[in-house]
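Reader: I am new to this structure and would like to learn how its features are read. Could you take me through them step by step, giving the general idea and then the case at hand?

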Amino acid sequence: MSKKKLWLRAAASAAVLTLALTGCGGSDEGDGATTDKGGSASQEQDKGQGEEQPEEEKGGGELAAGEKATSEFDEDGTKVTYEIAAQKVDVGTAEDTKKLVSDPKKAAGLVPAVAHVEFTVKDGGPVADYPDAGREIEVYADGQRGTILIGASDDAPGCEKSTDVKDWKAGESHVFCDTYMVPEGAKELTVQWAADRDADPFIWTFENS
């Protein structure tokens, strides 16, 4: 079974997923449902690529898939330095959209894209609980920001819930994900992360084949 089908089955495993389609594409609310439809256009990270040359702190900039960036982040008053690496983006199909959105007409032409981003505490902390760093993940398609689908990634394989992370110490890593609705057929997907709105984002690029 493809990884795409696996994450969709897991995302639909809860009795009800509280999803909210918000952002530039309008707003909607819906419930999760099982699906056997799928197909995958995942772009796996190039393991080991760029690992020797992490980005400068706070610098922002463009990176390859899996390449590490380093940035300070304020976790509710606790200063933490993270190493961050966008690993992959799993892209779904129009059939998946029908299952994830209660009113597919409002998401016509859009498909789900799940960004997987690994965070490692390099210095500072520990983070007591509920880390916020994963909430800053954004997905762009061909240069335009997607529409976030809240809650759809919580149970996806390889993804962790920030609510489950406690007493996060230096050297430990966790993978957080976010799901965005993007235009079907988009050629280039980018995962963006910045420590705050005033900072230049780190940008990882993935070709959607």
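Author: Let us begin with a single strand, where strands (E, at least two residues) and helices (H or I, at least four residues) are DSSP runs numbered from the N terminus. Buried means under 20% relative accessible area, exposed means over 50%, and partly exposed lies in between, with a 1.4 Å probe and protein chains only. In β4, five of the seven residues are buried, so this strand is largely enclosed by the rest of the structure. This is a predicted model, in which local features need pLDDT of at least 70 and side-chain atom pairs count only at pLDDT 80 or more, while totals for chains, interfaces and linings use all residues. Residues are numbered from 1 along each chain as its sequence is written, and side-chain values use heavy atoms, with hydrogens and water left out.

Reader: How many helices and strands does the protein chain have, and what share of its residues is buried?

Author: The protein chain has two helices and 14 strands, and buried residues make up 46% of its 209 residues.

Reader: How do I read the pairing of strands, and which strand is joined to β4 by seven bridges?

Author: Strands of a sheet pair through backbone hydrogen bonds, either parallel or antiparallel. Here two strands count as paired if DSSP finds at least two bridges between them. The strand joined to β4 by seven bridges is β5, and the two run antiparallel; D74 stands opposite K79 in β5. Together β4 and β5 form a hairpin with two residues between them, and D76 in the turn has a positive phi of about 50 degrees.

Reader: In what order do the strands of the sheet with β4 and β5 lie?

Author: Five strands form an open sheet in the order β4-β5-β6-β12-β10, with antiparallel pairing. At its edges stand β4 and β10 (147-148), each with a single partner strand, so one side of each is left without a neighbour in the sheet. Further in, 11 bridges join the antiparallel strands β6 and β12, and L110 has P183 in β12 as its bridge partner.

Reader: Which strands form the open sheet whose pairing is mixed?

Author: That open sheet has five strands in the order β3-β14-β13-β8-β9. Its edges are β3 (61-63) and β9 (144-145), each of which has a single partner strand, so one side of each is left without a neighbour in the sheet. Within this sheet, β13 and β14 run antiparallel and are joined by six bridges, and L189 has F206 in β14 as its bridge partner.

Reader: How is a nonpolar core recognised, and which residues touch the most other members of the largest one?

Author: A nonpolar core is a set of buried Ala, Val, Leu, Ile, Met, Phe, Trp, Tyr and Cys residues joined through side-chain atoms within 4.5 Å. The largest has 34 residues, of which Y82, F119, V191, W193 and W204 touch the most other members. At least two residues of this core come from each of β4 (69-75), β5 (78-91), β6, β8 (138-141), β12 (173-183), β13 and β14 (202-207). A second, separate core has seven residues, including V101, L110, A152 and M181.

Reader: How are aromatic pairs read, and how many are there?

Author: Rings of Phe, Tyr and Trp (its six-membered ring) pair if their centres lie within 6.5 Å; planes under 30 degrees apart count as stacked, over 60 as edge-to-face and the rest as tilted. By this rule there are eight aromatic pairs. One of them is F119 with W193, an edge-to-face pair with 6.1 Å from centre to centre and 65 degrees between the planes. This pair links distant parts of the chain, since F119 lies in strand β6 (residues 110-124) and W193 in strand β13 (residues 188-193), 74 residues apart. F119 is buried, with a relative accessible area of 0%, and W193 is buried at 1%. In another pair, the ring centres of F202 and W204 are 6.3 Å apart and the planes stand at 40 degrees, so the pair is tilted. Ring pairs also link F73, Y82, F119, W168, F176 and W193 into a cluster.

Reader: Where is W204 placed, and which residues does it touch?

Author: W204 lies in strand β14 and is buried, with a relative accessible area of 0%. Contact means heavy atoms within 4.5 Å. Not counting residues up to four places away in sequence, W204 touches a set of residues that includes L63, A69, I84, L189, V191 and W193. The C-alpha atoms of W204 and L189, which are 15 residues apart along the chain, are separated by 8.4 Å.
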